[in-house]
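Student: Could you take me through one part of this structure slowly? I would like a close look at how its helices pack together.

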Amino acid sequence: MPKKRRKLNKDFEREIYSSKKNVELVLAKIYDIDDEDIQKEYMSAFNEVVCLYDELKEDYEKLGFNDNSEKRLSNYKDGYNLFESEFEI
């Protein structure tokens, strides 16, 4: 049986790319923190956002745009916004 093609969505790909840039920017800012304890605290809190981004990206790469895509994007954005509201970076 032939493999089913993934459904692509250009707008969603832009969202993923933008999310990647946001994650990279915050990680760079965290790595710039001089105090090691504070850096670990920020990294620990941001790690959940990174995991949400990874799930979003992997799901899209494997399955394409599907019923779960919008939910995963929403979960990532909620996690990112929560991090931003709790941690000043």
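Tutor: Happy to; we will go through the helices pair by pair, then visit the core and a few single residues. Please keep in mind throughout that this is a predicted model.

Let's start with helix α1, residues 10–31, and helix α3, residues 69–86. They pack at an angle of about 25°, and their axes are 12 Å apart. An angle under 35 degrees counts as roughly parallel, and α1 and α3 are therefore roughly parallel to each other. Their crossing is left-handed. On the α1 side, the contact is made by F12, E15, S19, N22, V23, V26 and I30. Facing them from α3 are S69, E70, L73, Y76, K77, Y80 and F83. If you sort the residues of this contact by type, you get 8 nonpolar, 3 polar and 3 charged.

Now bring in helix α2, which covers residues 36–63. Look first at how α2 sits against α3: the angle is about 165°, and the axes are 9 Å apart. That makes α2 roughly antiparallel to α3. The crossing of α2 and α3 is again a left-handed one. From α2, the residues in contact are Y42, A45, F46, V49, L52, Y53, E55, L56 and D59. From α3, they are S69, R72, L73, N75, Y76, G79, Y80 and F83. Sorted by type, the α2 and α3 contact holds 11 nonpolar, 3 polar and 3 charged residues.

The remaining pair to visit is α1 with α2. Their axes come within 10 Å and cross at roughly 160°. With over 145 degrees counting as roughly antiparallel, α1 is roughly antiparallel to α2. Here too the crossing is left-handed. Helix α1 brings F12, E13, I16, S19, K20, V23, V26, L27, I30 and Y31 to the contact. Helix α2 brings Q39, Y42, M43, F46, V50, Y53, L56, K57 and Y60. This contact of α1 with α2 divides into 14 nonpolar, 2 polar and 3 charged residues.

So what lies inside? The largest nonpolar core has 20 residues. Helices α1, α2 and α3 are the elements that give two or more residues to this core. The biggest share comes from α2, with 8 residues. The residues with the most contacts inside the core are F12, V23, F46, Y76 and F83. As background, nonpolar side chains tend to be buried together in soluble globular proteins.

Try finding V23 in the picture. Setting aside neighbours within four places in sequence, V23 is in contact with F46, V50, Y53 and Y76. V23 is among the α1 residues that contact α3, and V23 is also listed for α1 in the contact with α2.

Next, stay on α1 and move to L27. Not counting residues up to four places away in sequence, L27 touches M43, F46 and V50. Take V50 from that list: L27 and V50 are 23 residues apart in sequence, and their C-alpha atoms are 9.3 Å apart in space.

Y31 is found in α1 as well. Is Y31 buried or exposed? Y31 has a relative accessible area of 55%, and over 50% counts as exposed, so Y31 is exposed. Even so, Y31 touches Q39 and M43, again leaving out residues up to four places away in sequence. The C-alpha atoms of Y31 and M43 are separated by 8.5 Å, while the two residues are 12 apart along the chain.

For a contrast, turn to S69 in helix α3. The relative accessible area of S69 is 1%. The cut-off for buried is under 20%, so S69 is buried. Beyond the residues up to four places away in sequence, S69 touches F12, L56, D59 and G64. S69 takes part in the contact of α1 with α3, and S69 appears in the contact of α2 with α3 too.

Finally, find K62 in helix α2. K62 is exposed, with a relative accessible area of 62%. K62 and R6 are 56 residues apart in sequence, but their C-alpha atoms are 7.5 Å apart in space. Tracing the chain from R6 to K62 on your own screen is a good way to follow that pair.

Terms used. Residues numbered from 1 in each chain as written. Predicted model: local features only at pLDDT ≥ 70, side-chain atom pairs only at ≥ 80, totals over all residues. Heavy atoms only, no water. Axes fitted to C-alpha atoms, helices over the stretch in contact; angles between N-to-C directions. Helix = DSSP H or I, 4+ residues; strand = E, 2+ residues; numbered from the N terminus. Parallel < 35°, antiparallel > 145°, perpendicular 65-115°, else oblique. Left-handed = near helix turned anticlockwise from the far one by under 90°. Contact = heavy atoms within 4.5 Å. Nonpolar A, V, L, I, M, F, W, Y, C, P; charged D, E, K, R; others polar. Core = buried A, V, L, I, M, F, W, Y, C linked by side-chain atoms within 4.5 Å. Buried < 20%, exposed > 50% of the residue type's maximum accessible area, 1.4 Å probe, protein only.
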